[in-house]
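Me: Could you take a look at this one with me? I'd like to talk through the ligand site and then the aromatic rings.

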Amino acid sequence: MSVQFCSESLKGARVLVTGASTGIGEQMAYHYARFGAEIVITARREKALQQVVEKCLSLGAQKALYIAADMGSESDPDKVVDFALEKLGGLDYLVLNHIGPTPFSMWEGDVEHTRWLMKVNFFSYVQMSWKTLPYLEQSKGSLVIVSSVLGKMPSPFTAPYASTKFALNGFFGSLYHELAMRRSNVSVSICTLGLIDTESAMEKVRGVTKIPAYPATDAALSIIRTGATRQQELYYPWFTQFLSYSKDWLPSVTNFVIQNSYNYSP
Ligand code: NDP
């Protein structure tokens, strides 16, 4: 049964958004602000966070605070959760969205980078979710995971990144079942995104592919709706769902299309 999105439900909602100094996370912060939520945002760059917070307050956020943190550190994920719980007095939404920078290139054996990216894009998600779950249980809250079509369908030039997204889908897909079986109050939403026009993504694919990019502000709103309506999955844009299945239904066609979607000559 689908639940109607009601923006009123987000008025006063206590939200923690990661990776919100720029890109989709920044756009999510602005939407939550317009809906009158109480927000904590995090990323590494303090100055950028400060500017986002100021804009959130001008857009109508009931509260907007930031904490600078590095998700590659062992302790910062916990520090961020503690800060949000203390400042907001609990939590209704944990929106995990951050990603560490990674090259868009052929795999050349950089194991150390892959290990580090796993820490930032995956282990910090696990750590923050575990710490937040009891509080989300109390508030009948939601865990929102921002993933990618590359976490369902591998594509070239993204081996470390795709691994972290596959890991997220596996872990939070399993957690979804466990929470449902325990009749938990917490909803888990996994959001599968296609190419979105954020600066960091566009920088990588400009001149390399003609795959269409969709607006970050729309993607951000779709993620927020998915969390607020407690849906298990989002596919944005819609055809990412078809792409996710196509590699199993039509493997050779899919392989041909993927390998010919990029300008590359050996
Ligand atoms: P951006 O690169 O624009 O933003 C990434 C955010 O993460 C920034 O706020 C950055 O801030 C923060 N960040 C980077 N490294 C760290 C770190 N070590 N510790 C803490 N924060 C960090 O990403 P997008 O907005 O493009 O993507 C957002 C989400 O959407 C990601 O999960 C991504 O995988 C997903 N997605 C995006 C797609 C796209 O085409 N854009 C496609 C599919 C999925 P700072 O530098 O200040 O730390």
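What follows is a short exchange on the ligand shell and the aromatic pairs.

Me: Before we start, what should I keep in mind about the numbers?
Reply: This is a predicted model, where local features need pLDDT of at least 70 and side-chain atom pairs count only at pLDDT 80 or more, while totals for chains, interfaces and linings use all residues. Residues are numbered from 1 along each chain as its sequence is written, and side-chain values use heavy atoms, with hydrogens and water left out.

Me: OK, which residues come nearest to the ligand?
Reply: Those are S21, R44, Y161, T198 and S200, out of 31 residues around the ligand, where a residue counts as near if one of its heavy atoms lies within 4 Å.

Me: And what sits close to the ligand's oxygen atoms, in polar terms?
Reply: A polar side-chain atom of Y161 is 2.5 Å from a ligand oxygen, one of T198 is 2.7 Å from a ligand oxygen, and a polar backbone atom of G19 lies 3.1 Å from an oxygen of the ligand. The protein covers 93% of the 890 Å² of accessible area that the ligand has on its own, by the Shrake-Rupley method with a 1.4 Å probe.

Me: Which element gives the most to that shell?
Reply: β5 does, with 3 residues. Helices and strands here are DSSP runs (H or I of at least four residues, E of at least two), and α1 (23-34), α4 (111-139), β5 (142-148), α5 (159-181) and α6 (199-205) each supply at least two shell residues.

Me: Switching to rings: how many aromatic pairs are there?
Reply: The count comes to 13, with Phe, Tyr and Trp (its six-membered ring) pairing if their centres lie within 6.5 Å, and planes under 30 degrees apart called stacked, over 60 edge-to-face and the rest tilted.

Me: Why is Y214 with F239 edge-to-face?
Reply: Their ring centres are 5.8 Å apart and their planes stand at 65°, so the pair falls in that class. It links distant parts of the chain, with Y214 in the loop between α6 and α7 (216-228) and F239 in helix α8 (residues 239-249), 25 residues apart.

Me: What about Y245 and W249?
Reply: That pair is tilted, at 5.2 Å centre to centre and 40° between the planes. Both residues lie in helix α8, 4 residues apart, about one turn of the helix.

Me: Is W249 buried or exposed?
Reply: W249 counts as exposed because its relative accessibility is 57%, whereas Y245, at 34%, counts as partly exposed; the limits are under 20% for buried, over 50% for exposed and partly exposed in between (1.4 Å probe, protein chains only).

Terms used: A polar contact is a pair of N or O atoms within 3.5 Å; within protein, one must be able to donate a hydrogen and the other to accept it, and residues adjacent in sequence count only if both atoms are side-chain atoms.
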